[in-house]
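Here's a quick walk through one model, starting with its pocket and ending with its sheet and helices. Have a look at the structure first.

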Amino acid sequence: MNYGTIKKYDIADGPGVRVSLFVSGCRHHCKGCFNAETWSFDYGQPFTAETEREILDALAPDYIQGFTALGGEPFEPENQPVVTALMKKIREHYPQKDIWCYTGYLYDVDLIPGGRVFTDVTREMLSCIDVLIDGEFIESEKDISLQFRGSRNQRIISLRSL
């Protein structure tokens with residue numbers, strides 16, 4: 001898996017100060033996407049053991065509330081194994097920190113058994129996530145007043161309460 005960037009002090013993609021990983025690869029190609037360069041699976045640089053260590057180290061300070069995975073598309077089947085392994089390590093090292101994930105796929109359609117991107121690790125990946133923001137960005141539903149979402153169709157789903 002490749003990734004575009006790591007933001008170590010992100011305040012836009014979840015509550016508090018967060019560490020965010022922007023993975024590469026996305027098949028949605030939403031019109032008006034703020035991060036279209038990450039559509040290519042070849043964009044950025046390879047995710048390595050050093051990258052994982054960098055993220056885990058960045059999460060260490062008490063003022064970091066949590067981790068966010070976005071992109072690109074964390075739930076592309078090619079990305080799920082690496083993102084899942086990373087989330088498991090974050091849970092192991094920092095059980096008190098929350099994990100958020102953005103996806104253009106729909107939780108109750110695409111991420112269920114038989115869904116478009118359901119794989120052998122999807123359940124495990126979902127089990128690591130506290131909050132999932134789902135749904136493609138739809139430019140005609142763009143609303144800059146929404147917190148943590150770009151368009152009105154996107155949902156903020158607490159997976160800890162399910």
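The largest pocket holds about 680 Å³ of space. For the bookkeeping: on a 1 Å grid over the protein atoms alone, a pocket is an open set of points where a 1.4 Å probe fits, with protein on both sides within 12 Å along at least five of seven lines, and lining residues have an atom within 4 Å of a point. Grid points are joined across faces, edges and corners, and the volume is the space filled by probe spheres set on the points. Of the 34 lining residues, Phe34, Tyr102, Phe137, Gly150 and Gln154 sit closest to the pocket's centre. β4 and β6 are the elements that give two or more residues to this lining. By class, the lining splits into 14 nonpolar, 12 polar and 8 charged residues; Ala, Val, Leu, Ile, Met, Phe, Trp, Tyr, Cys and Pro count as nonpolar, Asp, Glu, Lys and Arg as charged, and the others, Gly among them, as polar.

This is a predicted model, where local features need pLDDT of at least 70, side-chain atom pairs count only at pLDDT 80 or more, and totals for chains, interfaces and linings use all residues. Residues are numbered from 1 along each chain as its sequence is written, and side-chain values use heavy atoms, with hydrogens and water left out.

Now the sheet. It's open, with 7 strands in the order β3-β1-β2-β4-β5-β6-β7 and mixed pairing. The edges are β3 (45-46) and β7 (155-158), each pairing on one side only. Strands are DSSP runs of E, at least two residues, and helices are runs of H or I, at least four, numbered from the N terminus; two strands pair if DSSP finds at least two bridges between them. Some of the pairings:

| Strands | Bridges | Direction | One residue pair |
|---|---|---|---|
| β1 and β3 | 2 | antiparallel | Asn2 and Pro46 |
| β1 and β2 | 5 | antiparallel | Tyr3 and Val23 |
| β5 and β6 | 3 | parallel | Trp100 and Val131 |

In the hairpin of β1 and β2, 6 residues lie between the strands, and Gly14 takes a positive phi near 140°.

On to the helices. α1 (residues 49-58) lies across β1, β2, β3 and β4, running at about 15° to β1. Axes are lines fitted to C-alpha atoms, for helices over the stretch in contact, with angles from 0 to 180 degrees between N-to-C directions. α1 also packs against α2 (residues 80-93) at about 35°, with the axes 11 Å apart. Glu52, Arg53, Ile55 and Leu56 in α1 meet Leu86, Lys89, Ile90 and His93 in α2, contact meaning heavy atoms within 4.5 Å. The residues of that contact divide into 4 nonpolar, 1 polar and 3 charged.
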